[in-house]
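Trainee: I should be grateful for a close look at a single part of this model. Please proceed step by step, as I am new to it.

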Amino acid sequence: MGSKLAAKETAKAQNIPLVPGSEGAIVDLKEAQNVAREVGFPLLIKASAGGGGKGMRIVENEESIDEQLHLAMNEARSAFGDASVFIERYVKSPRHIEIQILSDAHGNAVHLFERECSIQRRHQKVIEEAPSSVLTSELRKEMGECAVNLAMGCNYIGAGTVEFLLDEKHNFFFLEMNTRLQVEHTVSELITGVDLVRQQILVAAGEKLAFIQDDLIIQGHALEVRVYAEDPQNNFLPDIGRLVTYERPQGPGVRVDDGFEQGM
């Protein structure tokens with residue numbers, strides 16, 4: 001599931017909705033042009049091994065495919081050692097909804113509801129929220145079941161996240177799976193009361209999940225705000241320097257995960 005192309009194949013086998021696009025890796029310009037005509041513009045060129053927006057290019061018209069294809073492939077090769085890219089229709093102004101899953105080695109899997117991660121900068125998440133303000137209970141159930149089916153379809157064991165795009169008509173499409181515990185797992189812990197770090201250690205030790213889907217309910221609401229070291233006067237690009245003043249936020253319901261102290 002670490003390969004976006006392999007993940008799409010798994011999702012397709014589980015009948016999970018996919019954004020229209022190429023079946024596999026694009027190897028040359030002619031193939032890219034043929035896929036583009038089928039998919040339509042605007043489209044998105046994405047690195048198969050990518051993440052964080054690296055190896056990703058939006059293409060508005062056929063004239064710019066050649067340049068953007070080479071840029072995406074070169075960036076993918078440089079960042080991941082793998083130049084494989086694929087093409088998808090570009091979904092404009094989507095919401096980014098991800099489902100937290102947990103599965104053991106005994107065929108049990110559950111989802112711990114969704115996180116909304118739509119507020120991003122350069123494809124990097126800035127604010128994560130659970131639950132999402134736009135999902136109905138029916139849509140939450142449908143997306144959750146898709147995520148669980150995907151995990152079981154590839155015999156996944158441990159904590160992971162299945163990410164979806166949600167369009168303005170509330171159609172959802174599989175995006176990718178993160179085969180790890182993510183930074184934003186904390187908001188899922190806060191609304192479910194489940195310690196995901198503890199659970200994945202128990203799963204790795206061979207234990208069965210001690211709860212089923214019906215045991216899990218949403219309690220309250222949680223927001224996570226990532227604090228970045230950036231230069232706001234230079235388009236918020238990453239920056240470095242000394243942490244002159246750092247006072248940890250405190251108060252009821254406040255959780256801080258950090259790796260720094262004042263003076264570092």
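Mentor: Two strands pair if DSSP finds at least two bridges between them. Strands (E, at least two residues) and helices (H or I, at least four) are DSSP runs numbered from the N terminus. The model is predicted, so local features need pLDDT of at least 70 and side-chain atom pairs pLDDT 80 or more, while totals for chains, interfaces and linings use all residues. Residues are numbered from 1 along each chain as its sequence is written, and side-chain values use heavy atoms, without hydrogens or water.

Let us begin with strand E4. E4 and strand E5 (residues 109-121) pair in the antiparallel sense, and six bridges join them. One residue of E5, Glu114, is the bridge partner of Ile99. Five residues separate E4 from E5 in a hairpin, and Gly107 in its turn has a positive phi of about 85°. E5 continues the arrangement through four bridges to strand E6 (residues 124-130), again with an antiparallel run. Here Arg121 has Gln124 in E6 as its bridge partner. The hairpin of E5 and E6 has two residues between the strands, and Arg122 takes a positive phi near 50° in it. Arg121 also has an aromatic partner: its charged end sits over the ring of Phe236, 4.4 Å from the ring centre (CZ of Arg or NZ of Lys within 6 Å of the centre and within 35 degrees of the ring normal).

Ile99 leads on to Phe164, the residue that deserves the closest attention. Setting aside neighbours within four places in sequence, Phe164 is in contact (heavy atoms within 4.5 Å) with Ile99 and eleven others: Ile16, Arg95, His96, Ile97, Met143, Cys146, Ala147, Phe172, Phe173, Phe174 and Leu175.

Which aromatic pairs does Phe164 form? Rings of Phe, Tyr and Trp (its six-membered ring) pair with centres within 6.5 Å; planes under 30 degrees apart are stacked, over 60 edge-to-face, the rest tilted. The count by this rule is two aromatic pairs. Phe164 and Phe172 make an edge-to-face pair, with 5.4 Å from centre to centre and 85° between the planes. The pair of Phe164 and Phe174 is edge-to-face too, because the centres are 6.5 Å apart and the planes stand at 80°. Since Phe164 belongs to strand E7 (residues 158-166) and Phe174 to strand E8 (residues 172-178), this second pair ties together parts that are ten residues apart in sequence. Phe164, Phe172 and Phe174 thus belong to one aromatic cluster.

Are these rings buried or exposed? Phe164 and Phe172 are buried, and Phe174 is likewise buried (under 20% relative accessible area with a 1.4 Å probe, protein chains only; exposed is over 50%, partly exposed in between).

The surroundings complete the picture. The largest nonpolar core has 21 residues, and Met143, Phe164 and Phe174 touch the most other members; such a core joins buried Ala, Val, Leu, Ile, Met, Phe, Trp, Tyr and Cys through side-chain atoms within 4.5 Å. Helix H1 (4-13), strand E4 (95-103), helix H4 (137-153), E7 and E8 each give two or more residues to this core. The most come from H4, which supplies six residues.
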